[in-house]
Amino acid sequence: MALREPTYFVLAALLDGPLHGYAIATRVADLSDGRVRPTAGTLYGALERLRSEGLVEIEREEVVEGRKRRYHRLTGDGERVVRTEAARLRAAAEVVELRGVAARGRQRRPRPA
Amino acid sequence: MSRALLRLCLQAYPRRRRNQDGEVLLDLARELVATDDRRFAMSRQAVGLVRGGIAEHRSRVLGGVAAMPWRDALGRLVLPLAAANATVWAATLGPALSVYGGPGRLWLVIVLGSVVALLGTLAGTRTVALLGAVPVAAAAVATWGSFAFGHGHVRFPIVIGSVFVDGSQAWMPAALLLAVACAAGAASGRRPIRVGVLALTPALALGLSAAMTFDRYGAYWWVSVGPLLAGASLAVLGGVALAAARRGGAAALAAALVLAALTPALAQVAIRLIPIATGGPRPLHISLPIGLAAVAVPASACMLLARRSRRWAR
């Protein structure tokens with residue numbers, strides 16, 4: 001089943017290694033060119049759901065400057081799911097891109113006399 | 001101020017979640033506010049926390065229901081349904097006392113049955129729950145059928161065009177579902193007292209306020225009870241349908257229930273030339289096909305969709 005866009009970017013953010021909530025939120029915003037900017041509630045809900053599905057797990061908790069931070073990392077299943085989704089999106093994009101090339105080729109071809 | 005607002009919004013989460021993860025969530029929200037240069041950053045995070053909390057409550061109550069085998073799903077739904085049923089009928093106390101000069105026998109059966117079903121569900125006693133739920137379902141079916149076969153009165157009217165539709169008829173599928181759920185899953189153990197108080201509060205609050213203000217019905221009961229009944233029914237069934245559609249679970253049941261709730265109103269509006277339930281009985285050659293159609297449409301839709309739903313067939 002296709003992943004929702006915020007879930008996809010959360011999983012993609014965690015491909016680089018374990019991150020805490022704030023780092024995930026900023027990484028998601030960067031990766032999506034600012035299109036997806038999850039709130040704390042949305043991000044937390046998504047992480048909880050991914051954790052219950054076994055795609056993400058908690059690595060550790062620590063307190064930095066009085067702030068409690070919880071680090072999450074991808075599981076093997078999580079990495080497989082996000083890579084499968086990326087391949088699916090790539091294949092879907094190719095359908096359109098190849099058609100674009102073919103259409104441009106037809107336009108350039110000279111008409112028979 | 002911002003910290004206080006975010007902490008207040010955090011209250012939307014269930015207590016256990018707040019105790020477990022509240023500080024992590026608050027710190028995350030505060031960091032996101034501090035580094036977000038857009039306008040309304042604070043209100044975005046506040047709304048996000050409230051939405052997250054509501055979603056968490058919803059998933060705790062209904063989570064996975066659509067993906068469960070139907071017997072388990074009904075067992076999970078039984079308490080929310082019993083509470084909703086008692087609340088809906090408590091809301092009708094106002095017009096029952098003020099407009100009709102006292103509750104009728106059918107109304108009494110429904111209200112008492114609703115209370116007994118809720119108490120039986122809370123106590124985890126299947127016999128008591130069924131004892132309450134079955135008369136409610138029977139009375140609801142009788143009300144639903146009366147527009148075609150009998151000469152029932154439109155007690156809780158909704159006016160659609162020039163047609164009076166009885167809002168209580170829309171509750172019939174929910175009442176049936178409650179009876180089936182009581183039979184399937186009510187005896188799953190006694191609920192904690194806190195859950196019991198939460199389940200009883202809406203019905204008690206509405207019933208008491210109706211009893212106290214019924215003599216000023218026109219002034220206070222500005223929400224007509226007919227649309228309220230139909231709206232509550234569609235909200236409950238629509239919620240089930242939405243959950244089922246999103247998870248691909250028991251969509252057949254949910255779709256059929258919504259259709260069954262809508263059918264009486266649609267049928268009545270469609271045959272607007274025939275005066276519905278305004279007095280004496282209608283001739284059999286008119287009422288029989290209408291009644292059969294009203295029952296047949298949701299029934300056939302249910303069968304059709306059930307064949308497509310592997311989970312429901314399991």
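Two residues are said to be in contact here if their C-beta atoms, placed from the backbone, lie within 7 Å. This tour follows such contacts through a predicted model, beginning in chain A and ending with the confidence of chain B.

**Stop 1: chain A as a whole**

Select chain A and display it as a cartoon. Chain A contains 4 helices and 3 strands. Followed from the N terminus, its elements come in the order α-β-α-α-β-β-α. Of its 113 residues, 30% count as buried. Among the contacts in chain A with a separation of 6 or more, 47% involve residues 24 or more positions apart.

**Stop 2: helices α1 and α3 of chain A**

Two packed helices are described by the angle between their axes and the distance between the axes. Select residues 5-13 of chain A, which form helix α1, together with residues 40-52, which form helix α3. These helices pack at an angle of about 75°, and their axes are 11 Å apart. That angle makes α1(A) roughly perpendicular to α3(A), because angles of 65 to 115 degrees count as such.

Which residues of α1(A) and α3(A) meet? Show side chains for Pro6(A), Thr7(A) and Val10(A) on α1(A), which meet Thr42(A), Ala46(A), Leu47(A) and Leu50(A) on α3(A). Sorted by class, this contact comprises 5 nonpolar and 2 polar residues, with no charged residues.

**Stop 3: helices α1 and α2 of chain A**

Keep α1(A) selected and add helix α2, residues 21-31 of chain A. The axes of α1(A) and α2(A) come within 9 Å and cross at roughly 110°. The two helices are therefore roughly perpendicular to each other.

From α1(A), the contact is made by Phe9(A), Val10(A), Ala12(A) and Ala13(A); from α2(A), by Ile24(A), Arg27(A), Val28(A) and Leu31(A). These residues divide into 7 nonpolar, no polar and 1 charged. Val10(A) is thus a residue to keep in view, since it takes part in the contact with α3(A) and in the contact with α2(A).

**Stop 4: Arg83 of chain A**

Now select Arg83(A), which lies in helix α4, residues 76-108 of chain A. Is Arg83(A) buried or partly exposed? Arg83(A) is partly exposed, because 13 other C-beta atoms lie within 10 Å, whereas a buried residue has 20 or more. Add Leu11(A) to the selection: 72 residues separate it from Arg83(A) along the chain, yet their C-alpha atoms are 9.4 Å apart.

**Stop 5: chain B and its contact with chain A**

Select chain B, which has 14 helices and 2 strands. Of its 314 residues, 43% count as buried. Among contacts in chain B between residues at least 6 apart in sequence, 77% join residues at least 24 apart.

Next, display both chains. Their contact takes 15 residues from chain B and 12 residues from chain A. On the side of chain B that touches chain A, α2 (15-35) and α3 (41-62) of chain B each supply at least two residues. The most come from α2(B), with 8 residues. By class, this side of chain B has 7 nonpolar, 3 polar and 5 charged residues.

**Stop 6: confidence**

Finally, colour the model by pLDDT. The predictor gives the complex an ipTM of 0.79 and a pTM of 0.54. Chain B averages a pLDDT of 70, and 51% of its residues score at least 70. Within chain B, confidence is highest in α2(B), at a mean of 87, and lowest in helix α14 (residues 310-313), at 42. Select residues 276-281 of chain B as well: their pLDDT is below 50, and this stretch has 15 contacts in the model beyond near neighbours in sequence.

Definitions and conventions
Residues are numbered from 1 along each chain as its sequence is written. Chains are lettered from A and ligands numbered from 1 in the order in which they are written. This is a predicted model: local features need pLDDT of at least 70, side-chain atom pairs count only at pLDDT 80 or more; totals for chains, interfaces and linings use all residues. Ala, Val, Leu, Ile, Met, Phe, Trp, Tyr, Cys and Pro count as nonpolar, Asp, Glu, Lys and Arg as charged, and the others, Gly among them, as polar. A residue is buried if 20 or more other C-beta atoms lie within 10 Å of its own, exposed if 12 or fewer, and partly exposed in between; C-beta atoms are placed from the backbone. pLDDT is the predictor's confidence in each residue, from 0 to 100. Axes are lines fitted to C-alpha atoms, for helices over the stretch in contact, and angles run from 0 to 180 degrees between N-to-C directions. Angles under 35 degrees count as roughly parallel, over 145 as roughly antiparallel, 65 to 115 as roughly perpendicular and the rest as oblique.
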